[in-house]
Amino acid sequence: MERRIYIRLHPRIKVKPDQSVYLQDIAQYILPSNEPGELLETPIYTISENDERVATIDSLQVIRFIKKMFPEMDVESLGENHTILEIMSSSKSPTFMRVGFVWLLLFFGSGLAIMHFHEDVNMAAVHQKMYFMLTGQEDEHPLILQIPYSLGIGLGMILFFNRVFKKKFNEEPSPLEVEMFNYQQNIDEYTVMDKQWEDKKQE
């Protein structure tokens, strides 16, 4: 009978302080049908105060753990080489005043950014010229163009980000979600490299 285990590490998981981490927490796995449950009942890692906000477990660490318990077993690792353990702190939920302050800051900040852009490109003059070309009349405030244009900016932002509050229009990720995903990948790569560098310095 084949004595082999296949593992695929999760890229990132959330853990609590002082939590013991088991194989089933950090990886998908395929075990021989008659394998003892000892492998799943023994923690691979325990979160300590020295870990601060993140810790990492690499595939070699998992393989050594399995080989120590079952030297005769072959281990094949697929996919990710590291799992990042994000240690969740007992932070309080944001207060209404804090959420309101951030909302007002973003609202007025984005509004000022749009107004400054329109002032730089002289959007008012563009609307006046467009109104004159369409009607042959001059109007200092062509609201028939300015109002639909303003509504179109808001609608365009909703379609661009593909979300209204918690509702999405389709399953495609928005540009913001893609950028956040790329940002998180860069953070994870840096975290892994930084942990490896710290481990080398301690050796």
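# A walk through the model, from strand 1 to helix 7

Start by selecting strand 1 and strand 4: they pair in the antiparallel sense, over 3 bridges. What you have on screen is a predicted model, so please read every stop on this tour with that in mind.

**First stop: the sheet around strand 1.** Pick out Tyr-6 and look across to strand 4, where Ile-30 stands opposite. Now add strand 7 to the selection. Strand 1, covering residues 4–9, is joined to strand 7 by 6 bridges, and these two run parallel. Two pairs are handy for finding the register: Ile-5 stands opposite Val-75 in strand 7, and the bridge partner of Arg-8 is Leu-78.

With the three strands shown together, you have an open sheet in the order 4-1-7, with mixed pairing. Strand 4 (27–30) and strand 7 (74–79) are the edges, each pairing on one side only. On average, neighbouring strands of this sheet are turned by 20 degrees against each other, direction ignored.

Before leaving, show the side chains of strand 1. Which of them are buried? Ile-5, Ile-7 and Leu-9 are, and they point to one face. Arg-4, Tyr-6 and Arg-8 point to the other face and are not buried.

**Second stop: the other sheet.** Select strands 2, 8 and 6. They form an open sheet of 3 strands in the order 2-8-6, again described by mixed pairing. Here the edge strands are strand 2 and strand 6, each pairing on one side only. Neighbouring strands are turned by 25 degrees against each other on average, direction ignored.

Zoom in on strand 6 and strand 8. They pair in the antiparallel sense over 5 bridges. To see one residue pair, choose Val-54, which stands opposite Glu-86 in strand 8.

**Third stop: the nonpolar core.** Which residues have the most contacts inside the largest nonpolar core? Highlight Ile-5, Leu-23, Ile-26, Val-62, Ile-66 and Leu-85. The core has 22 residues. Several elements give two or more residues to it: strand 1, strand 2 (12–15), helix 1 (23–26), strand 6, helix 3 (59–69) and strand 8 (82–87).

Keep Leu-85 selected and bring up its surroundings. Not counting residues up to four places away in sequence, Leu-85 touches Ile-13, Val-15, Val-21, Ile-26, Tyr-45, Ile-47, Arg-53, Val-54, Ala-55 and Ile-57.

**Fourth stop: Asp-51.** Where does Asp-51 sit? Look in the loop between strand 5 (45–46) and strand 6 (54–58). Is Asp-51 buried or exposed? Its relative accessible area is 9%, so Asp-51 counts as buried. Turn on the side chain and follow it to the backbone nitrogen of Ser-48, which it reaches at 2.9 Å.

Next, show what else surrounds this aspartate. Leaving aside neighbours within four places in sequence, Asp-51 is in contact with Tyr-45, Thr-46, Ile-87 and Lys-195.

**Fifth stop: helix 7.** Select residues 175–202, the helix that holds Val-192. Val-192 is buried, with a relative accessible area of 11%. Which residues does Val-192 contact, apart from its neighbours within four places in sequence? Show His-82 and Ile-84. For a longer view, draw a distance from Val-192 to Ser-48: these residues are 144 apart in sequence, and their C-alpha atoms are 18 Å apart in space.

Now move to Leu-176, also found in helix 7. Leu-176 has 46% relative accessibility, so it counts as partly exposed. From Leu-176 to Met-193 there are 17 residues along the chain, and 26 Å separate their C-alpha atoms.

**Last stop: zoom out.** Show the whole chain as a cartoon, and you can trace 7 helices and 8 strands. The radius of gyration is 28 Å, well over the 17 Å given by the globule rule for 203 residues, so the chain is more spread out than a compact globule. If you draw a box along the principal axes, the C-alpha atoms fill roughly 90 × 40 × 35 Å.

Colour by burial to finish: 21% of the 203 residues count as buried. A contact map is a good companion to this view. Among contacts with a separation of 6 or more, 62% come from residues 24 or more positions apart.

Key: Residues are numbered from 1 along each chain as its sequence is written. This is a predicted model: local features need pLDDT of at least 70, side-chain atom pairs count only at pLDDT 80 or more; totals for chains, interfaces and linings use all residues. Side-chain values use heavy atoms; hydrogens and water are left out. Two strands pair if DSSP finds at least two bridges between them. Helices (H or I, at least four residues) and strands (E, at least two) are DSSP runs, numbered from the N terminus. Axes are lines fitted to C-alpha atoms, for helices over the stretch in contact, and angles run from 0 to 180 degrees between N-to-C directions. Buried means under 20% relative accessible area, exposed over 50%, partly exposed in between (1.4 Å probe, protein chains only). A polar contact is a pair of N or O atoms within 3.5 Å; within protein, one must be able to donate a hydrogen and the other to accept it, and residues adjacent in sequence count only if both atoms are side-chain atoms. Contact means heavy atoms within 4.5 Å. A nonpolar core is a set of buried Ala, Val, Leu, Ile, Met, Phe, Trp, Tyr and Cys residues joined through side-chain atoms within 4.5 Å. The radius of gyration is taken over C-alpha atoms; the globule rule is 2.2 Å times the number of residues to the power 0.38.
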